[in-house]
Structure formats: C-alpha cells, structure tokens
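Open the model in your viewer and keep the sequence panel visible. We will go from stop to stop, selecting as we go.

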Amino acid sequence: MDVGFIGLGGMGRAMARRLLAAGHSVRVWNRSPAPVAELVADGATAAGTLAGAFGAQVVVSMLADDRVVESLLLDEELLAEAQAATHVNMATVSPALARRAAELHARHGIGYVAAPVLGRTDVAAAGNLNVLAAGPAAELDRVAPLFEAMGRRTWPLGEDPAAANVAKISANFLLVSAIEAFSEAAALAEASGLDPAALLAVLTDSLFPGPVYAGYGGMITRQSFEPAGFRLALGLKDVNLALAAGSDAEVPLPLASLLRDSLLQAIAHGHGEQDLAAISTTSRTRAGI
C-alpha cells in the first residue's frame, strides 16, 4: 500500500519502520528534517510537504496533541486537494476533535479513522501495539493491513471515531492512576523501613502481575526515569483530556483532578521531560523522603 506517514517522534518512527518492514511504500513528513532523513535511510521517501503525504493512498498521522493536529491537518485547502482515500489519526486526541475531524474529512470525501494505540516506543518497535480503532467499517477494512503491520491486535470499537479516543483516554487515566497508587505505596514502605523493591516483588507476583506495575514500579523503586519511554508531560496532557471528556459527558472524575495536581507538581520540580514514573517524586516529596 502507498502510505503517507506524518509525525516522526519516537512512536512515529517505530511505527513507520514496521510499515516499511511489511513491504508498504512509505512517504514521510515531519516538521524537523532529521527524522525524515533517518527514515529515508531505512527505505522511506520524503514527502516534502503535507500535500505530498496526502497524495498517498492512505495517510497515517502520529502527532502530539489536539493543537498540532488541528493546526496542521484540519485544513480545508489541504483536504480539498488530497488524493488520499483515508486518513488514520493514531494520536491521543480529544473525542471532540475526533468528531470535528470526521465531519471535515467527510465534506471532502476522505474517510477518517481514529486509531490510538496502547504501548510505549519499545512495544511499537516490536510491532506489538494494541490498536484501538473506530470508524466506518469499510475504512477499517481498507487499513487493516497497516494495523497488522504495526500491532499485535486491533480492537474495533464501532463506527464513531470518537469512541477510540474515549477508550485511549480512559486507558491512560487508569495507567496514571496505577502509577500514582504504587508511588504512594512505595513512599509508605520506604518511610516505614521496608525496601520498596521488596514490596514490588510481592505485588507483581501476587495481586498485580503485568507490565504496568512491573515496568513503572521498577523505575519507581530505582528512582530512574531516563530515557523516557513516555514523557511525564504527555501524561498530564492525557489526564487533562480525561477531565475535559468527563466535563463534556457530565461525568465527575475526582481522581483525575488529584492526578493532574501530582503531575503539575512533578513538572514544577523539573520532571516534565522524564518518564511518567517520575510522578513518584511527588509522593516522596509529600512524605519528606
């Protein structure tokens, strides 16, 4: 398939490489040139412009947030001239933006699919992402081979693209909640004379097996937050998305408000570019550790 790929951050680069490895033709665009050169060396071609990327059969975008997606891609002129049949937005954005994007793309005869993913950069590099996909059934069928190249499983969530973004925001809200919970438990253990690593070993081999506590918990017990697989500042973005979605749906999320403040405190202390596990520094500061 001829694919235009927009957004070559850590996740985007890994995902574009998976498409190349699967035999797809990939033309790439990024605001900064270095990642483009890196992917060209791997076999991609440079799109040159956004219009060039939208000249492909299908466009995949992996951008940072609502603001960037809106400013770059929700452009009447760009979409009016696009040759692409489908745009797959794999960014974590608000349900409100998904609805606006779907309407705008439909006016220009372009299919719109929301497909945010679960997984960090190492998971993306291995092709083991979980893809949360929503959009018209025909569009999902069209792009299924791309999802198969990038992920281990695709979860179809209906025809409304916003549903995929609701699922991703909910998942990230739960993820940050789990990290905050272990951060507080680890601070209690340390302040009480118990090695937090011993507590983590008990929990991950009994009540809470799985990658969240094992992975993030390990970073917390070591207080080691670099390199960042998922930046703490992006965690704040996702919690704010959850709060906004809750407000729109009239669903109170009191825990999300607590998480927002913990993340803001960590950012105020210089941890915004470190891994999300650095939220644990807030619990340690509160405990005087």
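Start with strand E1, residues 2-6, and add strand E4. This is a predicted model. E1 and E4 run parallel, joined by 4 bridges. Pick Val3: its bridge partner in E4 is Val58.

Now add strand E5, residues 86-89. E5 also runs parallel to E4, again with 4 bridges. Here Val59 stands opposite His87.

Stay on E4, residues 58-61. Are its faces covered or open? Both are covered. Val58 and Val60 are buried on one side, Val59 and Ser61 on the other.

Next, select helix H8, residues 137-150. Its 14 residues reach 19 Å from first C-alpha to last, close to the expected 20 Å. Look for the kink of about 50 degrees at Val143, shortly before Pro145. Val143 is also one of the buried residues of H8, which include Leu140, Leu146 and Phe147.

Move on to the aromatic rings. The whole structure holds 2 aromatic pairs. Show Phe182 and Tyr213: their ring centres are 6.4 Å apart and their planes lie at 75 degrees, so this pair is edge-to-face. Phe182 sits in helix H9 and Tyr213 in helix H11, so the pair ties together parts 31 residues apart in sequence. Now add Phe208. Its ring centre is 4.9 Å from that of Tyr213, with the planes at 35 degrees, so this pair is tilted. Together, Phe182, Phe208 and Tyr213 form one aromatic cluster. Colour the cluster by exposure: Phe182 is buried at 2% relative accessible area, Tyr213 is buried at 18%, and Phe208 is partly exposed at 37%.

Last stop: select Arg153 and Trp155. The charged end of Arg153 sits over the Trp155 ring, 3.5 Å from its centre.

Technical notes
Residues numbered from 1 in each chain as written. Predicted model: local features only at pLDDT ≥ 70, side-chain atom pairs only at ≥ 80, totals over all residues. Heavy atoms only, no water. Helix = DSSP H or I, 4+ residues; strand = E, 2+ residues; numbered from the N terminus. Expected span 1.5 Å × (residues − 1). Bend = angle between axes of the 7 residues up to and from the residue. Buried < 20%, exposed > 50% of the residue type's maximum accessible area, 1.4 Å probe, protein only. Pairing = 2+ DSSP bridges. Phe/Tyr/Trp six-rings, centres within 6.5 Å; stacked < 30°, edge-to-face > 60°. Lys NZ or Arg CZ within 6 Å of the ring centre and 35° of its normal.
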